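Student: I'm new to this structure and I'd like a close look at how its side chains pair up. Could you walk me through it slowly?

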Amino acid sequence: MDGLDERKVKILDAIIRTYLETGEPVGSRTISKYTDLNLSSATIRNEMSDLEELGYILQPHTSAGRIPSDKGYRFYVDHLLDMKNKEISDMKEFVIEHTEKMEMVLKQVAKLLAQDTNYATMISSPKYNANKVKFIQLSQLDNNQLLAVIVMEANVVKNKIIPLTESLDSEILLKLNLLLNTTLNGLSIPEINLGTISRMKEQAGSYSDIVGVVLDAVAETISQEEMEIYTSGATNIFKYPELSDSRKASELIYTLEEKQQLKTLVSDSLSNENETGIQVYIGNESPIQTMKDCSVVTATYELGEGIKGTVGIIGPKRMDYEKVMDSLKDLKIQLDGIFSKPST
């Protein structure tokens, strides 16, 4: 890294971040407050002299602090992108593994639950409710295109290509990255109000269109989230005379196989969630017409960070409610921990 050891990298990083925030030359005393190196001001001054000799920082005039040089900015941007790229790569690997594991487990859960209860069962993949921005990375693809990588808290990743009328230099790109991340980090879509958008666009100046495209992409990332529903035990319906009428049974089985209407049940269950996370729909209380002769018991499971899904059991009105509710309570506990990402 052209003469940069870990200590110099940390000091350079602190100088650039501080300068980007304040616009003022940065002194050794300021750096000593913002780094975890526990170094004296004298040691930091020596390191800053080395960084100046290597061309990463400049001293605008005698007795002033230092500011980043073009070379310093370039190192910072490349180093930042390397770190973000690795983080995104790690996240993508986790999301792929997580998704494959989730599909396998949810299908197995529906099957075992149907076998255990002798009723029809359904389970939805988790829905990312009130998801928040984790970070945004803008990087130049070429003179005419910008790549925006948007990562949400639930490790949902969205890539967006933004067309450019002119190439952006590294300092502008860096300032846009800082503006987007310092303003949007930790916010959900409802929290990004018109005032926030207006301030960001004002700060972005002639680059306000880029900010607008990124905000649209954030909204699009959340709205495009797909919900999968897995079902099992549909033929168990025929075991109950009150449901085995050919018309009723075929309509109910079609609903379980077609699954579109089940999304209404999931939405209703999540929006009317009570303290226990378990809901019971008896007959006409069901939001699905073909289930008016049934009872449906649902439970909400949570994977953390606002990620929730629904598991449901569909049977006759004379179902064994106690057994069903006990099964769902046990299942909730298991699902709440099954997909947690191990700490590293």
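Tutor: What follows is a tour of the charged pairs, then the rings, and then one helix. Keep in mind that this is a predicted model.

Let's start with the charges. The count comes to 11 salt bridges, and a few of them are worth a stop. Take Lys8 and Glu47, whose closest N and O atoms are 2.9 Å apart in their salt bridge. Lys8 belongs to helix α1 (residues 6–22) and Glu47 to helix α3 (residues 41–53), so this pair ties together parts that are 39 residues apart in sequence. You might wonder whether such charged groups sit out in the open. Here Lys8 has a relative accessibility of 9%, and because the cut-off for buried is under 20%, Lys8 counts as buried. Glu47, at 5%, is buried too.

Helix α3 has another link to offer, through Glu52. Glu52 forms a salt bridge with Arg66, with 3.1 Å between the closest N and O atoms. Since Glu52 lies in α3 and Arg66 in the loop between β1 (57–58) and β2 (67–68), the pair ties together parts that are 14 residues apart in sequence. The two partners sit in differing surroundings: Glu52 is partly exposed, with a relative accessible area of 29%, while Arg66 is buried, at 12%.

Now for a pair inside a single helix. Glu171 and Lys175 form a salt bridge, their closest N and O atoms being 3.3 Å apart. Both lie in helix α5 (residues 170–184), 4 residues apart, which is about one turn of the helix. An α-helix has 3.6 residues a turn, so residues three or four places apart point the same way. Glu171 is partly exposed at 29% relative accessibility, and so is Lys175 at 44%. Elsewhere, salt bridges that share partners join Asp5, Arg7, Lys8, Glu47 and Asp50 into one network, so the Lys8 and Glu47 pair we began with is part of that network.

Next, the rings. Searching the whole structure turns up 2 aromatic pairs. One of them is Tyr56 with Phe75, an edge-to-face pair with 5.9 Å from centre to centre and 75° between the planes. Tyr56 is in the loop between α3 and β1, and Phe75 is in helix α4 (residues 70–117), so the pair ties together parts that are 19 residues apart in sequence. Both of these residues are buried. Tyr119 and Tyr240 have ring centres 5.7 Å apart and planes at 35°, so this pair is tilted. The Tyr119 and Tyr240 pair links distant parts of the chain, 121 residues apart: Tyr119 is in the loop between α4 and β3 (120–124), and Tyr240 is in the loop between β8 (229–232) and α8 (246–258). Tyr119 and Tyr240 are both buried. Back at Tyr56, there is a charge to add: Lys71 lies over the face of that ring, at 4.6 Å from the ring centre.

Last stop, helix α6 (residues 194–204). Its buried residues are Thr196, Met200 and Ala204. They cover an arc of only 65° around the axis, which puts them on the same side of α6. The face turned away from that buried side carries the exposed residues Leu194, Arg199 and Glu202. At the start of α6, a side-chain oxygen of Asn193 comes within 3.2 Å of the backbone nitrogen of Gly195. Just after the helix, Gly205 takes a positive phi of about 60°.

Notes:
Residues are numbered from 1 along each chain as its sequence is written. This is a predicted model: local features need pLDDT of at least 70, side-chain atom pairs count only at pLDDT 80 or more; totals for chains, interfaces and linings use all residues. Side-chain values use heavy atoms; hydrogens and water are left out. A salt bridge is a side-chain nitrogen of Lys or Arg within 4 Å of a carboxyl oxygen of Asp or Glu. Helices (H or I, at least four residues) and strands (E, at least two) are DSSP runs, numbered from the N terminus. Buried means under 20% relative accessible area, exposed over 50%, partly exposed in between (1.4 Å probe, protein chains only). The arc is that of the directions from the helix axis to the C-beta atoms. A polar contact is a pair of N or O atoms within 3.5 Å; within protein, one must be able to donate a hydrogen and the other to accept it, and residues adjacent in sequence count only if both atoms are side-chain atoms. Rings of Phe, Tyr and Trp (its six-membered ring) pair if their centres lie within 6.5 Å; planes under 30 degrees apart count as stacked, over 60 as edge-to-face and the rest as tilted. A charge sits over a ring if NZ of Lys or CZ of Arg is within 6 Å of the ring centre and within 35 degrees of the ring normal.
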